[in-house]
Amino acid sequence: MYAIEWAWQIASDCYSERSGDAVSTTTDVLKEAKNRRTFAIISHPDAGKTTLTEKFLLYAGAVQEAGAVHARDNRRSSTSDWMDIEKQRGISISSAVMQFPYRGHMFNLLDTPGHKDFSEDTYRVLAAVDAVIMVLDTAKGIEAQTLKLFQVCKARRLPVLTFLNKFDRPGRDPLELLDEIEQKIGLRPTPAVWPVGIPGDFRGVIDRRNGDYIRFTRTSGGSSAAPEELIDATRAAQEEGPSWTAALDNCALLDAIGANVELKSFLAGITTPVFVGSALTNFGVRMLLDAAVDLAPAPAPRVDDSGAERALESDFSAFVFKVQANMDPNHRDRLAFARVCSGHFERAMDVSCARTGRTVGTKYATTAFGSDRETIEDAYPGDIIGLVNATGLQIGDTLYAGPRVAYPPLPRFAPEVFAIARPLDMGRFKQFRRGLAQLDEEGVVQVLRDLDVAEADPVLAAVGALQIEVFAYRLAHEFNAPVDMQYATYQAIRVTDNKSIDRLRHIGGIRILRRGDGALVALFENRYRLQRLEKDEPELTLIPILADTDPS
Ligand code: G4P
């Protein structure tokens with residue numbers, strides 16, 4: 001996991017070369033926006049996200065030799081204690097962003113946590129990107145743990161490019177994988193390329209868009225770009241023999257069923273262009289990056305909460321999609337990550353928060369490359385800015401310059417796991433309370449409090465148990481307030497209102513609590529009781545919270 005941190009740093013060096021002369025005319029904003037590609041890579045842990053990220057940097061010229069990123073793993077690991085849990089569990093929690101130029105375009109690549117328990121986090125990151133690269137391990141396909149993340153992605157209707165990775169070693173039949181993508185996620189795969197050779201004996205790809213055969217050659221350890229050779233059909237038939245014939249047969253089959261790359265349905269999140277390759281040996285990496293430039297969309301106007309589209313060239317606006325404190329013990333502070341939606345951001349400019357109406361300081365705007373920070377001077381639609389110690393900012397907040405604008409709130413997910421938290425040492429209650437407030441604001445878990453006794457043991461609500469573990473870990477390590485955690489067996493949660501709570505309080509097996517955003521929620525020990533109540537007393541307000549796989 002630390003490898004990705006180095007990737008951020010290397011990209012950050014690259015970023016700083018770019019910044020400089022500030023421009024702010026309408027034409028410039030539109031030009032800059034048009035050149036942005038803002039992406040997230042989602043994958044199951046170990047499918048190759050870090051390796052692919054590193055290879056993107058190699059192809060973009062941001063590193064001279066791949067391996068530099070991985071090789072620095074160990075040096076890095078000692079500087080960030082908060083990520084111990086990521087290392088222990090082999091998961092990525094602290095999503096960050098990196099930026100690098102490629103073919104005259106500026107890429108913003110956002111990291112996502114690779115575990116279903118963090119699907120709410122993933123959802124927020126996905127709200128900040130314009131497209132997604134879904135990386136699958138060819139030998140494994142879609143793994144149960146990650147299915148939810150992919151479904152979240154589909155539900156956002158984001159354009160998805162699929163990369164079947166690790167084709168250099170034995171794996172499953174790609175046709176079978178395509179079927180799995182369609183069946184499990186509901187995205188229609190449209191292979192942009194088709195492999196020549198089977199997994200484990202992978203020679204190259206046919207570009208189905210123009211019929212070219214591109215043969216790859218390995219370089220030692222995949223440390224430099226894989227040489228590509230364009231080979232005509234006659235020579236391919238002679239040199240690749242049965243592998244060539246089999247690939248042509250499969251291409252004919254795909255043609256027959258009309259599984260061709262189609263821009264409109266890709267942009268609508270209905271089809272997914274599929275690329276095949278091996279991040280380790282660099283096979284297919286360039287084609288994937290090129291597709292990100294050629295197929296993926298540039299930032300488009302966002303719809304505000306009045307339903308109007310805010311033009312890209314309007315005054316500056318952005319929304320906060322992530323808040324994170326204590327990412328690095330050297331900077332025990334709080335970062336709010338905001339995605340620019342319109343206008344030109346200049347450091348130290350005056351911006352306001354739409355929820356509070358207060359001015360937000362932007363003097364300490366940084367790039368958000370893991371724990372290594374660098375001041376950012378300006379940013380355009382699609383870019384991510386990190387605001388240091390912008391206290392008072394919450395996830396979902398809109399920032400704006402000029403006339404007020406607000407973007408719709410980010411949806412909350414229905415929690416499925418509940419636990420009651422108590423400080424192990426009552427002498428550290430103050431630290432416990434502070435940690436609770438901070439981690440609630442960051443959205444690590446939802447903290448539900450008693451209506452009458454605010455200080456009573458709070459109920460923590462989460463999409464997955466790992467969130468609760470992260471919460472306990474961070475309370476103990478960052479706030480020095482170890483907690484005792486008792487899992488509670490609530491089966492359902494509903495948002496309710498003041499009018500309904502008098503009645504609900506008189507029914508057994510229901511607990512009424514208040515969420516951090518002020519909403520009243522009812523927790524049900526028994527799902528059937530809830531169903532009965534919904535049927536018998538329809539006048540009660542019992543609103544389901546968004547189901548994560550269907551946020552529409
Ligand atoms: P992640 O970020 O998605 O968790 O995955 P990561 O890139 O760290 O890759 C997980 C493992 O899979 C790594 O091996 C990596 O080298 C390997 N890998 C990634 N892409 C490919 C590929 O295209 N082909 C093959 N054969 N392997 C690939 P590791 O042994 O865990 O780590 P390392 O010692 O190689 O760094």
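Two strands are said to pair if DSSP finds at least two bridges between them, and helices (H or I, at least four residues) and strands (E, at least two residues) are DSSP runs numbered from the N terminus. The structure in these views is a predicted model, in which local features need pLDDT of at least 70 and side-chain atom pairs count only at pLDDT 80 or more, whereas totals for chains, interfaces and linings use all residues. Residues are numbered from 1 along each chain as its sequence is written, and side-chain values use heavy atoms, with hydrogens and water left out.

**View A. The ligand is surrounded by 18 residues.** A residue belongs to this shell if one of its heavy atoms lies within 4 Å of the ligand, and the closest members are D46, K49, T50, T51 and D168. By class, the shell has five nonpolar, eight polar and five charged residues, where Ala, Val, Leu, Ile, Met, Phe, Trp, Tyr, Cys and Pro count as nonpolar, Asp, Glu, Lys and Arg as charged, and the others, Gly among them, as polar. Helix α3, which spans residues 49-60, gives the most to the shell, with three residues.

**View B. Side chains of T50, T51 and D168 approach polar atoms of the ligand.** Polar contacts are pairs of N or O atoms within 3.5 Å; within protein, one atom must be able to donate a hydrogen and the other to accept it, and residues adjacent in sequence count only if both atoms are side-chain atoms. An N or O atom in the T50 side chain is 2.4 Å from an oxygen atom of the ligand, and a polar side-chain atom of T51 lies 2.5 Å from a ligand oxygen atom. For D168, the partner is a nitrogen atom of the ligand, at 2.7 Å from a polar side-chain atom. The ligand on its own has 710 Å² of accessible area, and the protein covers 69% of it; such areas come from the Shrake-Rupley method with a 1.4 Å probe, and for residues only the protein chains shown count as cover.

**View C. Strand β25 (residues 459-462) is covered on both faces.** A residue is called buried under 20% relative accessible area, exposed over 50%, and partly exposed in between, with a 1.4 Å probe and protein chains only. V459 and A461 on one side of β25, and L460 and A462 on the other, are all buried, and in a regular strand the side chains alternate between the two faces of the sheet. Strand β23 (residues 417-423) runs antiparallel to β25 and is joined to it by four bridges, with F418 standing opposite A461. Strand β24 (residues 446-450) also pairs with β25 in the antiparallel sense, over three bridges, and V459 is the bridge partner of L448.

**View D. An open sheet of seven strands has antiparallel pairing.** The order of the strands is β18-β17-β22-β14-β15-β21-β19, and the edges are β18 (359-360) and β19 (365-366), each of which pairs on one side only. Strand β17 (residues 351-353) meets β18 over two antiparallel bridges, and S352 stands opposite T359 in β18. A348, in the loop between β16 (345-346) and β17, has a phi near 75°, a positive value in a residue other than glycine. A348 is partly exposed, with a relative accessible area of 49%.

**View E. R215 in strand β9 has a polar contact with E240.** Strand β9 covers residues 212-216. The side chains of R215 and E240 are joined at 3.0 Å. R215 has a relative accessible area of 17% and therefore counts as buried.

**View F. Loop residues R103 and G61 are both partly exposed.** R103 lies in the loop between β2 (97-102) and β3 (105-110) and has a positive phi of about 45° although it is not a glycine; its relative accessible area is 43%. G61, in the loop between α3 and α4 (68-71), has a value of 45%. The C-alpha atoms of G61 and P101 are separated by 8.5 Å, while the two residues are 40 apart along the chain.

**View G. Cysteines C251 and C353 are buried.** Their relative accessible areas are 9% for C251 and 1% for C353. The structure holds zero disulfides, a disulfide being a pair of cysteine sulfur atoms within 2.5 Å.
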